Amino acid sequence: MLEAIPFALAGPANTHMNPVSLAVNDLREQYLREMALVRQTCERTGDGTAAIRRRSAVVDRMVIEMWRRAFAGRPAQNAAVLALGGYGRKDLFPCSDIDVLFAFGDDKTEEQSREAVRAIIQGMWDVGLRASPTSRTLKEAGRFEPDNLEFTLATLDRRFLAGQFPLYQQLHQMVFPGLVLSEWTAITQKLGEIARARHAKYGNTIFHLEPNLKEGPGGLRDYHLSIWFALLFHLKETKEWPRQRGGVFQSVRGDAEAAFDFLAAARCFLHFRHGRDDNVLDWQSQDEAAALSIGLETRGTADPSYWMRTYYRHARVIYRRAVLLMEHLPAPVSFYRQFRRRRTPIAGTDFVLDQGRIDVQPGAQFHDTAAILRVFSLIATHGYTLSQAAEDRISDALPVLAIHIPEGPYLWNALREVLVGPHAALALRTMHALGVLEMLIPEFHGIDALVIRDSYHRYTVDEHTFLAIDNVHGLRQPLHEYEQRLAQLAPEIDRLDLFLLALLLHDTGKARRNGEHATQSVELADSFLARLDFDAEEREIIRKLIRLHLEMSQAMRRDIFDHENVRNFAEKIGSPQMLKMLTVMTFADIKAVNPEALTPWKAENLWQFYMSTANFMDRSVDETRYHAAIDPTLLNRIRSMVPAAQHEALRQFLEGLPQRYLQTRLPEQIRSHFQMALNLERDPVQLDLRPNRQLFDLTVITRDRTRLFADVAGALAAWGMNIVRAGAFSNEAGVIVDSFHFSDVFRTIELNPSEKERFLENMHDVVAQKVPVQQLLQARRHLNHPGNLKVEVPTRLDFDPESSSHSTLLEVVAQDLPGLLREIALTLSAHDCNIKVALIDTEGETAIDVFYLTSRGKKLTAEAQEKLADDLTGALEEMRTAKAR
């Protein structure tokens, strides 16, 4: 939107001017009638590009007629009105602003035309057009305003509407080109800075659950950015404005134009749907757009995942082209202009290296696939990028190159050089965008822009794969403490090349959308490995990594310190080398799901589980529960921290506590809990709240009672806290040590430090049964309403009586709703189930909770499992229904 012209002008200069009033009721009726027709036609044909052209024509007629009426009976003035920006390029979306420039030959003409211009602007608003006007004299139009680059950019897309055409010609042929040429470097650099800042705002990625079709990376703004750069480079080279704007920017394969048509249809749909300039493709809009096949060549109903897959493919084309063009911008430091650009030929190829970019030599003929693969190896090793010309030439040469695809050891050597390079992900993305990767590995094509449509998976499957590979190479320079520990494992992987190949292929089976994708991925990998002539041992390493790549994540949903869980996992993987590879693979895989997927506590659990399994393989596993007579080491270590008079009380406190509790706490923490237990005689409820990175840790120590776990979970839900982990522990004396790790979603405690005391007071009263937890929940019932749920998660209950020697495991997969954990705990309590360990996890809107249960000290019988399943399913369904009301 450009700066507006004031409607009311004060001061002596206006006292002699006669107000101009326009009657526009007829124009308003005409505009509404014609826009209704534009909408009907767009909804019938799905052609968004035609719709924005038609609206531009409709608005042209309105503005031209208002100009005629405003200046009727007045002396001819050296003035004109121009269409700018989106309106100037005839890309006028249904609810977009109307950018117009009122141009004047001099200050006197501007003053004499002021009332007529004011009347036109008012008339535009009265008709229903959101006017975004600006005015310039001929002299003002030739000045560059660094802080108002938006106006300069808007003039790149200009059209004459009404008034004096010679004035427009002067602006078009002399003033605006002269301005751009004189400030070319400043304009291009500023344009690049603004684009980079916009990309950074959106995380420099096209992958968003609810993307912005206009401003987001790969959106319409990036499409126009490419055109602006093309215009600027053309003007610099020819010193004249192109006669036909469309001829300056034309993608070789027409893919950018196809992407624009899709985005235009989608943005028109959003504008018509919301009745305003809303460009965010929210979850519900995606469903509706897919149902109407918006932007697709075929009509009818499309699957939302397929529709979003189409969107990502188009966004990828636009974003990539915009980024490549920005790389051609001049260096901001003029010092570099003193030196001649050095272009270094790349041996054995028709490519040259030019300041970190790989360009193609004039007249190059591509017949050698080896030379192409050599270029991608250089990208993976050094982080170079391809120029737009080089990318276009490689894409054009694909049919010829496909005839000479290497196989066997030659193909593997070329691919191996790419995979082991520190910039492997960059090289693979480039190969993928140009079609080279699918030419070499057809099995990869099925996951091209494949969408896993839920609120947990942020990226398409192909991008997830590249990010996972990038995460492995990122361990060369670890940023976090947990990465530093995992970085120790990467150099110990004997065949990093095979490991990375397995990671490249590990999710290819998702394209088949039936059965377990790990199994399907192994089948697809087999066909590719056969073409590489791998020996049986190499094949088996890759096949086993792919087959087992989910096992560690699944095992981590169990008690990672449970002897049976560790033993079962260790037996599946078989060797310490496979354990190291799966640990690094699990880290890379989880981190590549979305930016928040690998939380610090999940990374800690991954490392602890690795250590537990490694210790098991070394035959040094502890017993399930602690007994001082069996293992006095821990007792002696903590004894040194407490007075001698408390040694016997310490032994009684530790007796019977699960090993999970002891192994996940520092001795200092255990001592603190012991001291809290000593204070139970004075106050039967002991609480400790501490910040822990992005989370809070709440420890509750009290005597055992029914519904204790449920009450604490309910109280946390009432405060709006999101529980991410929980543990329920007890010793032989019946002292409960419950721990809850939660995030403060609304930052209540952080922003209001005084609330911490009230929070702890509420928790104390709930545990002491002085305040019913239902009372707290009722006060907050109006909040956390799940009306904006994106994905419906069906409830699933799975019992596992075998994985633990002492407990029955219950896995609950359900919609993540406020109070869910409390509802589960209440039902478990009603069935006389004792929670030994509770493992809480959330993936997007899906809660995945695992409980280790006993009833009267024993595992649950089959009959008890059946009754519990019926009641718990009913309780969760009733909860979902109640929350929806």
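User: Is Leu 872 buried or exposed?
Analyst: This is a predicted model, so everything here is computed from it. The relative accessibility of Leu 872 comes out at 0%, and the cut-off for buried is under 20%. Leu 872 therefore counts as buried.

User: Which residues does Leu 872 touch, leaving out those up to four places away in sequence?
Analyst: Leu 872 sits in helix H36, residues 862-884. Within this predicted model, a contact needs heavy atoms within 4.5 Å. With the sequence neighbours left out, the partners of Leu 872 are Leu 797, Leu 810, Val 812, Ile 824 and Thr 827.

User: What separates the C-alpha atoms of Leu 872 and Ile 824?
Analyst: Ile 824 is among the residues that Leu 872 touches. Along the chain the two are 48 residues apart, yet the separation of their C-alpha atoms is 6.9 Å.

User: Which side chain does Gln 815 join in a polar contact of 3.1 Å?
Analyst: Gln 815 belongs to strand E14, residues 808-815. With a relative accessible area of 3%, Gln 815 is buried. At 3.1 Å, its side chain makes a polar contact with that of Arg 880.

User: How many of the residues of strand E3 are buried?
Analyst: Take the two faces of E3 in turn. On one side Ala 131, Pro 133, Ser 135 and Thr 137 are buried, and on the other Ser 132, Thr 134 and Arg 136 are too. The strand is largely enclosed by the rest of the structure, because the count of buried residues is 7 of the 7.

User: In which sense do strand E2 and E3 pair?
Analyst: Strand E2 covers residues 98-104, and 7 bridges link it to E3. Going residue by residue, Val 100 stands opposite Pro 133, and Leu 101 stands opposite Thr 134. The pairing sense is parallel.

User: In the open sheet with the order E3-E2-E1-E4, which are the edge strands?
Analyst: That open sheet has 4 strands and mixed pairing. An edge strand here pairs on one side only, and that picks out E3 and E4 (159-163).

User: What angle does the direction of helix H2 make with that of E4?
Analyst: Helix H2, residues 48-70, packs on the sheet with the order E3-E2-E1-E4. It touches E1 (79-83), E2 and E4. Compared by direction, H2 and E4 make an angle of about 25°.

User: How far apart are the end C-alpha atoms of helix H7, and what span should its 18 residues have?
Analyst: H7 runs over residues 165-182. The expected span uses 1.5 Å times one less than the number of residues, which for H7 gives 26 Å. The end C-alpha atoms agree with that, at 25 Å apart against an expected 26 Å.

User: At which residue does H7 bend by about 40°?
Analyst: Several residues of H7 are buried, including Leu 167, Tyr 168, Leu 171, His 172 and Val 175. The bend of about 40° falls at one of these buried residues, Leu 171.

User: Which strands stand at the edges of the open sheet E5-E6-E7-E8?
Analyst: This sheet has 4 strands with mixed pairing. A strand with a single partner has one side left without a neighbour in the sheet, and that holds for E5 (343-345) and E8 (385-386).

User: What is the bridge partner of Asp 354 in E7?
Analyst: Strand E6 spans residues 351-354 and E7 spans residues 357-360. The two run antiparallel and are joined by 4 bridges. In E7, Asp 354 is partnered by Arg 357.

User: At what angle to E7 does helix H14 run?
Analyst: H14 covers residues 388-401 and lies across E6, E7 and E8. Its angle to E7 is about 55°.

User: Is Ser 293 buried or exposed?
Analyst: Ser 293 is placed in the loop between helix H11 (283-291) and helix H12 (304-326). It has a positive phi of about 55° although it is not a glycine. Its relative accessible area is 2%, which means Ser 293 is buried.

User: What is the relative accessible area of Arg 707?
Analyst: Arg 707 is in the loop between strand E10 (695-703) and helix H31 (708-718). Its phi is positive, about 65°, although it is not a glycine. Arg 707 is partly exposed, and its relative accessible area is 42%.

User: Buried residues make up what share of the chain?
Analyst: The chain's secondary structure comes to 36 helices and 16 strands. Its C-alpha atoms fill a box of roughly 105 × 70 × 55 Å along the principal axes. Of its 885 residues, the buried share is 56%.

Key:
Residues are numbered from 1 along each chain as its sequence is written. This is a predicted model: local features need pLDDT of at least 70, side-chain atom pairs count only at pLDDT 80 or more; totals for chains, interfaces and linings use all residues. Side-chain values use heavy atoms; hydrogens and water are left out. The bend at a residue is the angle between axes fitted to the seven residues ending there and the seven starting there. Buried means under 20% relative accessible area, exposed over 50%, partly exposed in between (1.4 Å probe, protein chains only). Two strands pair if DSSP finds at least two bridges between them. Axes are lines fitted to C-alpha atoms, for helices over the stretch in contact, and angles run from 0 to 180 degrees between N-to-C directions. A polar contact is a pair of N or O atoms within 3.5 Å; within protein, one must be able to donate a hydrogen and the other to accept it, and residues adjacent in sequence count only if both atoms are side-chain atoms.
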